[in-house]
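Me: I'd like a close look at one part of this protein: the loop that follows the opening helix, and whatever sits around that loop. Could you walk me through it in plain words?

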Amino acid sequence: MTKATFEAELLPHLADILMGGAHADEHLDGREVDAVVELLTGLIKDADELPEPLRNRIDAFDPEQFDIKRTAYAMGDLSKEQRRAVLEMLSDLSEVDDEIDLKEDEYLRAVADALGSSTEELEGLVVEIELISTPSRPVPPPLPPRFKP
């Protein structure tokens with residue numbers, strides 16, 4: 001995990017981004033909420049538990065009202081390390097429910113875009129789908145129209 005520090009005023013926005021990730025697959029799992037709490041608590045120096053205002057924000061999160069771009073804008077210009085750390089947290093969060101969901105991958109990409117992340121900052125965090133096609137057989141010409149006398 002990329003080591004980055006976040007100023008206290010960024011944590012509410014980060015909580016929103018992480019909760020958006022927890023809701024990305026349209027199924028909120030309690031383990032995801034626990035992971036968000038753990039991730040945020042780990043960012044606060046000498047904290048054993050999440051401060052009540054942050055916990056209340058998580059509990060009150062409404063995915064219908066959440067706007068990724070507005071939240072990313074409110075976070076300001078993050079460093080490359082901070083952007084990568086946010087993306088890694090989202091990637092870790094997407095694995096908590098033991099399911100791989102393309103909606104979570106799409107959300108991760110949307111956050112990366114909103115934060116202004118480069119392609120290399122996403123490396124190893126998103127699902128890459130490689131389409132393999134088989135050679136197609138030539139299409140036969142259409143049948144001639146039936147002759148009518």
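Reply: Here is a walk from the whole chain down to that loop and its surroundings.

A heads-up before we start: this is a predicted model, where local features need pLDDT of at least 70, side-chain atom pairs count only at pLDDT 80 or more, and totals for chains, interfaces and linings use all residues. Residues are numbered from 1 along each chain as its sequence is written, and side-chain values use heavy atoms, with hydrogens and water left out.

Let's begin with confidence. pLDDT is the predictor's confidence in each residue, from 0 to 100. The protein chain has a mean pLDDT of 85, with 88% of its residues at 70 or more. Among its elements, helix H1 (residues 11-23) has the highest mean, 96, and helix H7 (residues 119-122) the lowest, 75. Where pLDDT is low, the predicted coordinates should not be read in detail.

Now the overall layout. The chain has 7 helices and 0 strands; helices (H or I, at least four residues) and strands (E, at least two) are DSSP runs, numbered from the N terminus. Of the 149 residues, 40% are buried. Buried means under 20% relative accessible area, exposed means over 50%, and partly exposed is in between (1.4 Å probe, protein chains only). Contact means heavy atoms within 4.5 Å. Among the chain's contacts with a separation of 6 or more, 74% are between residues 24 or more positions apart.

On to your loop, the one between H1 and helix H2 (30-42), where Glu26 lies. Asp25 has its place in that loop too. Let's take Asp25 to start with. Asp25 is buried yet has no salt bridge, and the nearest side chain of opposite charge, Lys103, is 8.1 Å away. For charges, Lys and Arg count as positive and Asp and Glu as negative, while His and the chain ends are not counted. A salt bridge is a side-chain nitrogen of Lys or Arg within 4 Å of a carboxyl oxygen of Asp or Glu.

What does the side chain of Asp25 do, then? One of its polar atoms lies 3.0 Å from the backbone nitrogen of His27. That is a polar contact: a pair of N or O atoms within 3.5 Å, where, within protein, one must be able to donate a hydrogen and the other to accept it, and residues adjacent in sequence count only if both atoms are side-chain atoms. Leaving out residues up to four places away in sequence, Asp25 touches Glu32, Asp97, Asp101, Lys103 and Glu104.

One of those partners, Asp97, sits in another loop, between H5 and H6. Asp97 is buried as well, at a relative accessible area of 4%. Not counting neighbours within four places in sequence, Asp97 is in contact with Asp25, Asp29, Arg31, Glu32 and Glu104. Arg31 is 66 residues away from Asp97 along the chain, but their C-alpha atoms are separated by 6.7 Å.

Ile100 belongs to that second loop as well, the one between helix H5 (80-94) and helix H6 (102-115). Ile100 is exposed, with a relative accessible area of 78%. From C-alpha to C-alpha, Ile100 and Asp25 are 9.3 Å apart in space, and they are 75 residues apart in sequence.

Back to your loop for Glu26. Most residues other than glycine have a negative phi, and most peptide bonds are trans. Glu26 has a positive phi of about 65 degrees although it is not a glycine. Glu26 counts as exposed because its relative accessibility is 66%.

Glu26 also takes part in a salt bridge, with Lys103, where the closest N and O atoms are 3.2 Å apart. That pair links distant parts of the chain, with Glu26 in the loop between H1 and H2 and Lys103 in helix H6, 77 residues apart. Lys103 counts as partly exposed, at 37% relative accessibility. The structure holds 6 salt bridges.

For a contrast, look at Arg84 and Glu88, whose side chains meet in a salt bridge at 2.8 Å, N to O. Those two residues are separated by about one helical turn because they are 4 residues apart in helix H5. Arg84 and Glu88 are both buried.

So here's the picture to keep of your loop: Asp25 is buried and has no salt bridge, whereas Glu26 is exposed and forms a salt bridge with Lys103.
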